[in-house]
Amino acid sequence: MMPEERVPLLEVEHLKMTFTSGKGAKKVTVNAINDNSFSIYEGETFGLVGESGCGKTTTGRAIIRLYDPTGGTMRFMGREISGPMTRELRRFLTDNISMIFQDPIDSLNPRMTVEEIVEEGLKYHGVKDPAERREIVLDMLAKVGLTKEHASRYPHEFSGGQRQRVGIARALVVKPKLIIADEPVSALDVSIQAQVINLLNDLKKELGLTIMFIAHDLSVVKYFSTRVAVMYYGKIVELAPSEELYRHPLHPYTRALLSAVPQPNPRLEKRRQRLSYDPAKDHIETGEERRMHEILPEHFVYCNSAELEKYRELL
Amino acid sequence: MDNETILSVNDLSISFKTLNGMVRAVRGVSFDLKRGETVAIVGESGSGKSVTIKAVMGILAGNAVIDSGSIMYGGRDLIKASEKDYQSIRGSKIGLIFQDPLSALNPIMKIGRQITEALRLSDPKISRADARKKAVELMESVGITDADRRFDQYPFQFSGGMRQRVVIAIALARDPEILICDEPTTALDVTVQARILDLINEIKQERKLSVIFITHDMGVVANVADRINVMYAGKIVEKGTADEIFLEPAHPYTQALLAAMPDLETSERLMSIPGTPPNMIFPPKGDAFAERNAHALEIDFEEEPPYFKISDTHYAATWALHPKAPKLEMPEVLRNRIARIKEEA
Ligand SMILES: Nc1ncnc2c1ncn2[C@@H]1O[C@H](COP(=O)(O)OP(=O)(O)OP(=O)(O)O)[C@@H](O)[C@H]1O
Ligand SMILES: Nc1ncnc2c1ncn2[C@@H]1O[C@H](COP(=O)(O)OP(=O)(O)OP(=O)(O)O)[C@@H](O)[C@H]1O
Ligand SMILES: [Mg+2]
Ligand SMILES: [Mg+2]
């Protein structure tokens, strides 16, 4: 896809999310999202990576408005979604954006059958006729590789990979425009991870899905994503097409992260030099404020001019 | 005295009594551990990795039955060891780092004290100041920044990853001869994980420590392991050096496991393993992996394959290695990767 032809589905500008807890002297503020801007284009898979606690899940939750962002604006299909919550806006969001959760066990109601779980969204979606709902549900279950027989069973009767398929069916059944997949395979065995990744890939092609893929396994993210954003302590520090990011990592945090990805190659692993990231040492302080610079077409890195010069030499 | 075997597990079989019947969790597992080496045990969830090492540590659940086998350590069979014998082994001779770091820490004792107590167990004469200094050093070496201040904090003030680092510091403080790591880095970020793997590798070399490393991440295995045991449904289906397992995998399960994981070069469709692992109350006869293996032979469903020798260090239990069996085609993803690895060398 050429950059000019792309249609942004989601536009996020200066998104901020601050959590405060405690009172008075004990008050703690966490800048879970610290002024991030990015767009997700129709049909792409947008990968979001970064270490635990850097704000990935919070970003996903802010987009579907499980949180009220502290600042910034978000537009979805051209419509602003960061304003005051109304019933109508909630409806717009649930109709168009679905989330797949990290833990396939905790995210499914144990007292509902698979059919009921997948059907629930359709009810809110306004499909009134039970027979029609049933048909849509069974069709969706078939798409994720589950049968009619599975429909009447309960989540605990399934393996991890099968449960994650149920979660995917539930997310997809309302035909959302955007899927936010929050670590959908992290809790699964490698062999089952592959089933789920292949499934998401097939569905993406078949249904023309746009996916925001949150994960911390960088091999999986690279394999699966069109573009990748790297987040460090609430801040997106680098954003580039997947291949480009892995070929020319520029920000010292991205470089450290990539140097740490375990690879199934004993010869490489045994002689590998890992980089570590020290925010206090790995930057040039000039007093100039940092911002996102487009160092190559489509490749953005968060830096000041002096660092930009240095990064250019790395290219 | 390199090459000296310090732990030897022979034909170990373990079952669990449950309401539905006996779960055959471990079925004839054998492996050796030599001084200064790292042996990895890899395999799918439920394949019997943790049960195997719990038997070594003498901490099997109450409903466990050891059906057969021996675990030789320091000239005796640990299966016959009493709880009292074990008290002088656990921690001081054989250290264990668990999957779940929370259960390993005392929630109401300061982090620093938990480490100095461990230090004192192996060196009762150590002075307070020295113990503190050593503990802070250990904390720093496992990547806890600001260790001097954090020395006086409690576990709840630490994140999951940092707690796991504390658990590792405590295990190392006892200066054990064998360190068993049961998925010690699964919950950690890649950068922290990398630091901990480097740390374990370093200490291993410094102290001639022997390590048993359990994981299902093949990337991690590539990093730490000298030798690898691949487990499936309670059995070791293949064993070999790291190079042998990664570059010449022979068992269809090992191949499938490797092919299911993308690396940074992968662009082909991943090979997924259809189906689920067998119910171990009724372990299938023959090769337990047969029902998930598209290339299974008839005999795979009938008779358990013996170990076929591929080299002095490389064995696999699969009929695919029988001289009369058709040659097993490796999945494409894997063939490409292996070609790439060999080319780089
Ligand atoms: N509801 C909340 N109240 C207070 N702090 C929160 C809340 N949710 C998240 N945080 C904090 O915000 C930061 C970002 O958390 P988030 O869950 O988004 O991280 P993450 O990148 O998804 O991490 P992981 O990889 O561990 O899932 C963390 O410091 C977290 O402790
Ligand atoms: N106390 C117990 N009672 C009954 N069955 C048990 C018990 N402990 C373990 N098992 C069974 O033994 C088998 C092997 O379990 P084990 O914990 O060794 O798996 P594992 O290979 O460590 O898996 P994971 O990667 O998920 O940790 C599983 O089928 C498990 O359900
Ligand atoms: Mg998260
Ligand atoms: Mg285990």
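## Rings, charges and the build of chain A

A:Lys222 lies over the face of A:Tyr246, 5.5 Å from the ring centre, in a model that is predicted. A second placement of this kind involves an arginine, for the charged end of A:Arg79 sits over the ring of A:Phe92, at 4.6 Å from its centre.

Aromatic rings also pair with one another, and over all chains the count comes to 13 aromatic pairs. In one of them, the rings of A:Tyr232 and A:Tyr253 have centres 4.5 Å apart and planes at 45°, so this pair is tilted, the class for angles that are neither under 30 degrees nor over 60. What does this pair link along the chain? It links distant parts: A:Tyr232 belongs to strand 9 (residues 227-232) of chain A, while A:Tyr253 belongs to helix 10 (residues 252-259) of chain A, and the two residues are 21 residues apart. Both A:Tyr232 and A:Tyr253 are buried.

A pair in chain B is arranged as follows: the rings of B:Tyr154 and B:Phe156 have their centres 6.5 Å apart, and because their planes stand at 15°, which is under the 30 degrees that bounds the class, the pair is stacked. Are the two residues of this pair buried or exposed? B:Tyr154 has 29% relative accessibility and therefore counts as partly exposed, since this value lies between the limits of 20% and 50%, whereas B:Phe156, with a relative accessible area of 62%, is exposed because it is over 50%.

The two ring pairs described above can be set side by side.

| Ring pair | Distance between centres | Angle between planes | Class |
|---|---|---|---|
| A:Tyr232 and A:Tyr253 | 4.5 Å | 45° | tilted |
| B:Tyr154 and B:Phe156 | 6.5 Å | 15° | stacked |

The tilted pair is also part of a wider arrangement, as ring pairs link A:Tyr232, A:Tyr233, A:Tyr253 and A:Tyr277 into a cluster.

Turning to the chain as a whole, chain A has 12 helices and 12 strands. Its radius of gyration is 21 Å, close to the 20 Å that the globule rule gives for 315 residues, so chain A is as compact as a globular protein of that length. The C-alpha trace of chain A spans about 65 × 50 × 50 Å along its principal axes. Of the 315 residues in chain A, 54% are buried, and chain A exposes about 14400 Å², of which carbon and sulfur atoms supply 50%. Among contacts in chain A between residues at least 6 apart in sequence, 63% join residues at least 24 apart.

Terms used
Residues numbered from 1 in each chain as written. Chains lettered and ligands numbered in written order. Predicted model: local features only at pLDDT ≥ 70, side-chain atom pairs only at ≥ 80, totals over all residues. Heavy atoms only, no water. Phe/Tyr/Trp six-rings, centres within 6.5 Å; stacked < 30°, edge-to-face > 60°. Helix = DSSP H or I, 4+ residues; strand = E, 2+ residues; numbered from the N terminus. Buried < 20%, exposed > 50% of the residue type's maximum accessible area, 1.4 Å probe, protein only. Lys NZ or Arg CZ within 6 Å of the ring centre and 35° of its normal. Rg over C-alpha atoms; globule rule 2.2 N^0.38 Å. Contact = heavy atoms within 4.5 Å. Areas by Shrake-Rupley, 256 points an atom, 1.4 Å probe, with all protein chains shown as cover.
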